[in-house]
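Colleague: I am new to this structure and would like a close look at one part of it, the sheet and what surrounds it. Could you walk me through it?

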Amino acid sequence: MAPRANWKGFLRLSLVTCPVALYPATSESEKVSFNQLNRKTGHRIKYAKVDADTGEEVDNEDIVKGYKVDTDTFIEVTKEELENVALESTRTIEIDEFVDRSEIDPRYLIRPYYLTPDGKVGHDAFAVIRETIREMNKVAIGRVVLTNREHIIALEPLDKGLMGTLLRYPYEVRSAEEYFDDIQDVKVTKDMLDLAKHIVNQKAGHFEPDKFEDQYETALIDLINQKRAGKPITAKARPRGENVVDLMDALRKSIGREGAAATEAPRKPGKKPRKAAAAQKEMLMPIAGKKPAKEAAAKKPASKPQRKSA
């Protein structure tokens, strides 16, 4: 089942218009998340919105947005006033121009979305816009309002739909000069470059996201499984960086190590990797001592036991 659309409106190319829906193309919900607890009671921490001066809790209907002008001076802006800042991009993605994909600096990319026709009507107009962008091998640039902010969005064909990528404004991108100015100008010799290229060739492969594993996420799941099973937790040694004294020697040793690794551990024709989300969910299942749902429900105690102090 597809998630709920983040935005619904119209896509327009000159006089060609169609209703569309915008969906998030990525998700963070599969990752392990933690709640904050009171160490003494084990209860969840609850946050309350309080007046900074009186300390009294404030109801949501009494909270308004404020722009800070001075230390204690704010300009209040109501929800109705924000809604009255009417922008056409609130309901319509107007395609302003077409550019080459190579011209878009990667630093401007924020996050991807899927754009689809909304409802049974408008599929013809959607297809015309999609195939025009595809045939021209261009990226369409438009504007859309999400979370009360207008964003630049880059549209390009993806299968039967469109992928829209939000772009940053120039004032949101920091200049690289302030970070790179202190990097020394080093002359890399041909011998060093050749050795480094040899290492690259040994590690050459293809971009296959299914091979990627979130090792930290896996370690978190393993930690949780061990704690649920009552197993002792032991700290693992942290990897330490080595001080490179002779760069040429390090490059030669790297070539030997990579070559040995390729010889000792050739790739096995394994099964097709499963999606990370599915694998992570399965890892939470096999927990020692965990009883089936029906058996656990049948033996559920009448009252909740008191939490023992550590």
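Modeller: Happily! E7 and E10 run antiparallel and are joined by five bridges. Strands here are DSSP runs of E with at least two residues, helices are runs of H or I with at least four residues, and both are numbered from the N terminus. Two strands pair if DSSP finds at least two bridges between them. One of the bridges between E7 and E10 has leucine 109 with leucine 167 in E10 as its partner.

Before going on, a word on the source: this is a predicted model, in which local features need pLDDT of at least 70 and side-chain atom pairs count only at pLDDT 80 or more, while totals for chains, interfaces and linings use all residues. Residues are numbered from 1 along each chain as its sequence is written, and side-chain values use heavy atoms, with hydrogens and water left out.

From E10 you can step across to E9: these two pair in the antiparallel sense over seven bridges. Proline 157 stands opposite leucine 162 of E10. The two strands form a hairpin with two residues between them, and aspartate 159 in that turn has a positive phi of about 55°. E10 is mostly covered, with six of its seven residues buried; buried means under 20% relative accessible area with a 1.4 Å probe, counting protein chains only.

On the other side of the story is E2 (residues 16-24), which runs antiparallel to E7 (residues 109-117) and is joined to that strand by five bridges. There, tyrosine 23 has tyrosine 114 of E7 as its bridge partner. Put together, the strands make an open sheet of eight, in the order E5-E1-E2-E7-E10-E9-E8-E6, with mixed pairing. Its edge strands, each pairing on one side only, are E5 (92-94) and E6 (97-99). From one strand to the next, the twist averages 40°.

Helix H2 (residues 123-136) packs on this sheet, touching E1, E2, E6, E7, E8, E9 and E10, and its direction makes about 80° with that of E2. Such angles run from 0 to 180 degrees between N-to-C directions, with axes fitted to C-alpha atoms, for helices over the stretch in contact.

Now look at the nonpolar side chains. A nonpolar core is a set of buried Ala, Val, Leu, Ile, Met, Phe, Trp, Tyr and Cys residues joined through side-chain atoms within 4.5 Å. The largest one has 20 residues, and Leu11, Ile93, Leu115 and Leu155 have the most contacts inside it. E1, E2, E7, H2, E8, E9 and E10 each supply at least two residues of this core, and H2 gives the most, with four. Leucine 115 is a good residue to click on: setting aside neighbours within four places in sequence, its contacts (heavy atoms within 4.5 Å) include Leu11, Val20, Ile93, Phe126, Leu155 and Leu162. A second, separate core has seven residues, among them Val139, Ile152, Ala154 and Leu167.

To place all this in the whole chain, there are eight helices and 10 strands, and buried residues make up 18% of the 310 residues. Of the contacts with a separation of 6 or more, 64% are between residues 24 or more positions apart.

How values were computed: Buried < 20%, exposed > 50% of the residue type's maximum accessible area, 1.4 Å probe, protein only.
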